[in-house]
Amino acid sequence: MPLTQQGLDAARQRLDDELKSIETELVDLGFPSDGEVEATFDEGFADAAHTTSERGKALALADELRHRKREALAATLRLDQGTYGICESCGNEVGDERLEALPAASLCITCKQKA
């Protein structure tokens, strides 16, 4: 059964909350909210290896956050286009429980397991 308007509104709110959270995390890491510029690191680090390690961790986390942001933005676009909740692979419903747990999900559980 397709999502009701109330379900769509709740999904939009979850996606908006997710986007705000991602932007906050990026800024907290020292990246602008678009995540495109590398974070700066304190010159006072004890040694270069520690700095390199911290930079690597921050960059990996920022990459993951940017990926989540792209997925959330794509889900918001699907909401606007009326295709939210429809599996992009098979065309079946993604499922209410899956969308509640992962609002940006674009595949039903069956297609996700195949991927």
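How far apart should the ends of helix H1 be at 1.5 Å a residue, and what span do its end C-alpha atoms show? Helix H1 covers residues 5-28, and its 24 residues should span 34 Å. The end C-alpha atoms are 34 Å apart, which agrees with that expectation. Do keep in mind as you look around that this is a predicted model.

Let's step back to the whole chain for a moment. The protein has 4 helices and 0 strands, so from the N terminus on, its elements run α-α-α-α. Of its 115 residues, 27% count as buried.

Back in H1, you can pick out the buried residues: Ala11, Leu15, Leu19, Ile22 and Leu26. A general point about helices helps in reading that list. An α-helix has 3.6 residues a turn, so residues three or four places apart point the same way. Just after H1 comes Gly30, which takes a positive phi of about 100°.

Now for the charged side chains. The structure holds 5 salt bridges, and three of them are worth a visit here. Start with Arg12 and Asp80, whose closest N and O atoms are 2.8 Å apart. This pair links distant parts of the chain, with Arg12 in helix H1 and Asp80 in helix H2, 68 residues apart. How covered are the two partners? Arg12 counts as partly exposed, because its relative accessibility is 30%, while Asp80 is exposed at a relative accessible area of 52%.

The next stop is the salt bridge between Lys69 and Glu23, where the closest N and O atoms lie 3.8 Å apart. Lys69 belongs to helix H2 and Glu23 to helix H1, so the pair ties together parts that are 46 residues apart in sequence. Is Lys69 buried or exposed? Lys69 is buried, with a relative accessible area of 16%, which falls under the 20% cut-off for that class. Its partner Glu23 is partly exposed, with a relative accessible area of 30%.

The third salt bridge joins the side chains of Arg78 and Glu88, at 3.5 Å from N to O. Here Arg78 lies in helix H2 and Glu88 in the loop between H2 and H3, so this pair ties together parts that are 10 residues apart in sequence. The two ends sit in contrasting settings: Arg78 is buried, with a relative accessible area of 7%, whereas Glu88 is exposed, with a relative accessible area of 53%.

Staying with charge, move along to a patch on the surface. Which residues gather there in a patch of negative charge? They are Glu93, Asp96, Glu97 and Glu100. Glu93 lies in the loop between helix H2 (48-81) and helix H3 (96-101). With a relative accessible area of 39%, Glu93 is partly exposed. That value clears the mark for patch membership, because patches are made of residues with over 30% relative accessible area and no salt bridge.

The tour ends in helix H4, residues 109-114, where Lys112 is found. Lys112 is partly exposed, with a relative accessible area of 46%. Where does Lys112 stand relative to Ser89? The two are 23 residues apart in sequence, and their C-alpha atoms are 9.1 Å apart in space.

Technical notes
Residues are numbered from 1 along each chain as its sequence is written. This is a predicted model: local features need pLDDT of at least 70, side-chain atom pairs count only at pLDDT 80 or more; totals for chains, interfaces and linings use all residues. Side-chain values use heavy atoms; hydrogens and water are left out. Patches are made of residues with over 30% relative accessible area and no salt bridge: like charges are joined within 9 Å, nonpolar side chains (Val, Leu, Ile, Met, Phe, Trp, Tyr) within 5 Å. Accessible areas come from the Shrake-Rupley method with a 1.4 Å probe; for residues, only the protein chains shown count as cover. A salt bridge is a side-chain nitrogen of Lys or Arg within 4 Å of a carboxyl oxygen of Asp or Glu. Lys and Arg count as positive and Asp and Glu as negative; His and the chain ends are not counted. The place of a charge is taken as NZ of Lys, CZ of Arg, CG of Asp or CD of Glu. Helices (H or I, at least four residues) and strands (E, at least two) are DSSP runs, numbered from the N terminus. Buried means under 20% relative accessible area, exposed over 50%, partly exposed in between (1.4 Å probe, protein chains only). The expected span of a helix is 1.5 Å times one less than its number of residues.
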